[in-house]
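Thanks for coming, everyone. Please have a look at the slide.

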Amino acid sequence: MTVYLNGQFMPIEEARIPVLDRGFIFGDGVYEVIPVYSRRAFRLAEHLKRLQHSLDGIKLANPHSDGEWTKLINKLIACNDGEDQYLYLHITRGVAKRDHAFPKPPVKPTVFMMSSPLLTPPAELLQSGIACITAPDNRWLRCDIKAIALLPNVLLRQMAVDAGCAETILIRDNSFMTEGAASNIFVVKNGTLLAPPKDNLMLPGITYDVVLELAAANGIPHQVRKVAATEVFDADELLLTSSTKEILAITTLDGKPVGNGMPGAIFAKLHQLYQGFKRDVMRA
Ligand code: PDD
């Protein structure tokens, strides 16, 4: 695998960062995951916009213009195997003596990118759906920042794995659903798709936006509003979205079937539309 580190392309085995990097010491940085289809970065402008939002959120200057990012990203895609790839981009506040406050004057940020073949969910999983658990959302109040400090998400996702499940759906204040530990979640009730609003309590997913656009363009009734925990437990269908999982049906929640326990009609429609969108936009 060829990676990009601070201005150079190199084999991953040769990539090194100093131990005083603030990403290593404090988790002081942000990241993006960008799917690549037919060697073209999917929704690149939107990913770069969210990156800027994350950088603004941690008060770190963007080391590159969108034009420079586009060139670097395209070169990294060309250097790696696979028509479809999973591109990971990571920026930290750089290397400095350990002090919580920002280095003064600022130091050069560390910029790292890697790209590996994208493995989207296999057909069996699309047919069976996945099992999830719920847990209290105990993360901070800036979940809109795609921060590399992911320990709460790591622990929440591991809860699912320990329970033999795929993802943990997060419930804030014992009251409403925010998202998954590494995904966005939609509820379907009586044929209407319900999505929590993009606020400080969830990551504004790029796939989430695509799903809502597809729903709007294809007459699927949908509402963006706070989704009560009770609506999650009472859902006809539950859907999970992310750049790497695309769209999946959640068919078991906390050990009980969701709806009739099979992927539902809205999932089938949105999955088909998403694949069509990919084909038309990316493979044309
Ligand atoms: N995670 N919410 C959280 C907490 C996430 O970590 C992710 C994605 C999403 C979905 O966003 P998008 O549709 O833009 O991928 C929502 C990535 C895939 C990751 O951390 O690997």
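I'll take a helix pair, then the ligand, then two backbone points.

This is a predicted model: local features need pLDDT of at least 70, side-chain atom pairs count only at pLDDT 80 or more, and totals for chains, interfaces and linings use all residues. Residues are numbered from 1 along each chain as its sequence is written, and side-chain values use heavy atoms, with hydrogens and water left out.

Helices first. The axes of H2 (residues 44–57) and H3 (residues 66–79) come within 11 Å and cross at roughly 120°. That makes H2 oblique to H3. Oblique covers whatever is left after under 35 degrees (roughly parallel), over 145 (roughly antiparallel) and 65 to 115 (roughly perpendicular). Helices here are DSSP runs, H or I, of at least four residues; strands are E runs of at least two. Which residues of H2 and H3 meet? From H2, Leu44, Leu48 and Leu51; from H3, Asp66, Trp69, Thr70 and Ile73. Contact means heavy atoms within 4.5 Å. The contact residues divide into 5 nonpolar, 1 polar and 1 charged.

Now the ligand. Two side chains approach a nitrogen atom of the ligand: a polar atom of Lys146 at 3.4 Å, and an N or O atom of Glu179 at 2.6 Å. Ile206 uses its backbone: an N or O atom there lies 2.9 Å from a ligand oxygen atom. The cut-off for such polar contacts is a pair of N or O atoms within 3.5 Å.

Last, the backbone. Most residues other than glycine have a negative phi, and most peptide bonds are trans. The bond from Lys104 to Pro105 is cis, omega near -5°. Pro105 sits in the loop between strands E5 (85–92) and E6 (110–117). Asn190 has a positive phi, near 50°.

Methods. Axes fitted to C-alpha atoms, helices over the stretch in contact; angles between N-to-C directions. Nonpolar A, V, L, I, M, F, W, Y, C, P; charged D, E, K, R; others polar. Polar contact = N/O pair within 3.5 Å; in protein donor to acceptor, adjacent residues only side chain to side chain.
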